[in-house]
Amino acid sequence: MSRSLLFEIGCEEIPSGALYAAVEQLKGSAIEALRTARLGYEELDTYGSPRRLVLFVHGLAEMREDVSERVKGPSVSAAFDASGAPTKAAEGFARSRGVEVAALETVESPEGAYVWAVVEREGGPASEVLPRILSDLAGGIEWPKSMRWGSGESRFSRPVRWLTALFGDDVVPVRFAGLEAGRVTQGHRFMTSGAFSVASAGQYRAIAREALFMYDQEDRARRIREAVISAAAAAGGTAVMREKTFAEVVNLVEWPSVVVGRFDEGFLQVPREILETAMESHQRYFPVQGPDGWLTNAFIVVHNGDPKLDAVITAGHERVIRARLADASFFYREDLKTPLEERVARLGAIVFQERLGTLGDKVARMEALASRMADLAGLDPAESAAALRAAHLAKADLISHVVVEFPALQGLMGRYYALASGEETSVADAIVEHYLPRFAGDTLPASRAGQVVSVADKLDTMVGMFAVGMPPTGSADPYALRRGALGILGILMDGGLALSLDEAIDAALAGYGGALPDLDPERVGAEVKEFIVGRLQVVLRDRGGAYDTVDAVLSAAADDPADALARCRTLQAARDSDPETFADLATAFKRARNLSQPALGTEADTSLMGEAESCLARALDAAEERIAPLMAAGEYSGVVGELAALRAPVDAFFDGVLVMDADEALRLNRLRLLNRLVRAFDAFADVSRLAR
């Protein structure tokens, strides 16, 4: 027999982001709790709305499953004396397991003979354990921020106001936060009288409709999306629905209604990004754009009020957005009065980091670093000039009124202000691009100037933080160095910017020479390189490289991420197509590397060679001649083919000669030949790192 289980935790409005996480936590914890309690069920779901968390279990068994356990006890020699009578050890073990001594079983095993107890446990009614299970579930939810209220010690995201718990028709007497569960839930805060009695768990959905709350977040999301799309179409356009804003709105309402508001068309003279940020980030409105792609003066509001009061609600929101946009428009007009160049000097009054100086100091380092990297990357004069100017102006918008009010617009407003100040478009574009990529999968800088300034900004911060002993630790990464490293790698691997990590790090370290007199460039440079290469390992594995393929390649090409990617893809494809050849080659190469002695050099005397050595020497002659131009051209599939072709002569060499011969001349000559073999492989990858 089974019944449905309903558990609702009613509370004050829970923050949107925390609610999503709590719904998932509740589901995972409930699944584990019911498994531990040996309670079977057909289906388990969790839901959330601003004022409630809901657990609903379909077909929950009324009885816990019986269980039969076999428990190992003491050895037979310890459990029984010489006459076969049970000892105190046997009696104590039997008593602890609730069985008679006579019921103990003897089992032979490789370790010897031991006694075992078979323990039978009846399941018992589910109703006996559900109160404790549900109470533990409520108290076990972890919140980003929790609070206590009243005189109790319970913690929750917001004060808990009611508990509803039903197993079929029966109330489950759950106690939590000073409350005992009943069969009463609370309806919509504004549109109902409040309390609604739930006769049984199966009636909950019907009661929710009557009480005007949608507890299923997916149902709310579907209803909101359809309503917003319809409202935007009625307003003559389409809604700008960014998923982050949409997801937040879904958890701000229990019975969503949609209205369309309007603002003064004069505000459309302000850059649309400012208007959208004011509407989305501050008010959680959805802007509307027309068929031409331009923003209109309409906006969509999803509210939790009575639809009968839509006109009053719309007017209220129009008043709010009017004030918001008036402020934004004023800030923008004021910012335009000051050329971007004039703001640069004021950066010297803003601390970047206590030991690393001001933002002005950072900008000076970025300029020097961008100039050096432009030379290293081979930028043409126009690109180099744009990169240098963009580095100079990159942070100037941080002290503008708009960016202070809307920090998410940094860089973007720098572009607007640069163009308004008469800067070249290439400079303005590089200013906004230098913040890219902002997250995994984000757009990369499109221009070479933007790429150089982006790497300069990120690398300067990274080197500075390592220099003052503040690398990322655990989950703490206040300067987003991990994200910065991934951004640098993305630009070098996918953006096409050709830079050596070693040279770029050295150039960044040079910028701190005067500011940090105790700087150890060699140590810090090695730490930064290791940090970036650590991220590179993860990226290459995510892109399909086996762990040992990645290790083999990075042993030879860690300084050039784009080159490492090309080698990794080629080597992995070759291994996948002919695993046996590369497994055998790796084994032979490991042997060669272990025996090699680099100090001896690679000049082997052909007059001391037998057939097996001569065969390998001739194969190396041919391979080296063909590999050199292939390596220079980045034709790694050809390189791998040449290396794979060495398998036969390498095998013949090891089968035909004793490398560590007693004759010193023969031994040293063979070691020089192995040194040459190792050198040929090491130019591409350390094949010895490949597992069989």
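How many aromatic pairs does a search of the whole structure find? I started my notes there, and the search came back with 17 aromatic pairs. I'm keeping in mind that this is a predicted model.

**Entry: ring pairs**

I looked up Trp-143 with Phe-156 to begin with. Their ring centres are 4.9 Å apart and the planes stand at 65 degrees; over 60 counts as edge-to-face, so I wrote this pair down as edge-to-face. Both partners sit in the loop between α4 and β7, 13 residues apart, and the pair is noted as linking distant parts of the chain. Are the two rings' residues buried or exposed? Trp-143 is buried, and Phe-156 is too.

My other pair for the day was Phe-653 with Phe-654, also edge-to-face, with 5.4 Å from centre to centre and 75 degrees between the planes. I checked burial here as well: both Phe-653 and Phe-654 are buried.

Then I found a cluster. Ring pairs tie together Tyr-47, Tyr-204, Phe-213 and Tyr-215.

**Entry: arginines over rings**

I went looking for charges above ring faces and jotted down two cases. Arg-225 lies over the face of Phe-246, 4.1 Å from the ring centre. Arg-535 does likewise over Phe-531, at 4.8 Å from the ring centre.

**Entry: helix α4**

Next I scrolled to α4, which covers residues 130-140. Which of its residues are buried? I got Leu-130, Pro-131, Ile-133, Leu-134, Ser-135, Leu-137 and Ala-138. A reminder to myself: an α-helix has 3.6 residues a turn, so residues three or four places apart point the same way. I also traced what the buried residues of α4 pack against: the strands β1 (2-11), β3 (52-61), β7 (160-167) and β9 (175-176), plus helix α1 (16-36).

**Entry: a four-stranded sheet**

I followed an open sheet with four strands, ordered β13-β15-β16-β14, and its pairing is antiparallel. Which strands are at the edges? They are β13 (238-239) and β14 (257-262), each pairing on one side only. I zoomed in on β14 and β16 (residues 295-303), where six bridges join the two strands in the antiparallel sense. One bridge I picked out matches Gly-261 with Phe-299 in β16.

Two helices go with this sheet. Helix α8 (residues 272-282) packs on it, touching β15 and β16, and its direction makes about 10 degrees with that of β16. Helix α6 (residues 217-234) lies across β13, β14, β15 (286-289) and β16, and runs at about 150 degrees to β16.

Methods:
Residues are numbered from 1 along each chain as its sequence is written. This is a predicted model: local features need pLDDT of at least 70, side-chain atom pairs count only at pLDDT 80 or more; totals for chains, interfaces and linings use all residues. Side-chain values use heavy atoms; hydrogens and water are left out. Buried means under 20% relative accessible area, exposed over 50%, partly exposed in between (1.4 Å probe, protein chains only). Contact means heavy atoms within 4.5 Å. Rings of Phe, Tyr and Trp (its six-membered ring) pair if their centres lie within 6.5 Å; planes under 30 degrees apart count as stacked, over 60 as edge-to-face and the rest as tilted. A charge sits over a ring if NZ of Lys or CZ of Arg is within 6 Å of the ring centre and within 35 degrees of the ring normal. Two strands pair if DSSP finds at least two bridges between them. Axes are lines fitted to C-alpha atoms, for helices over the stretch in contact, and angles run from 0 to 180 degrees between N-to-C directions.
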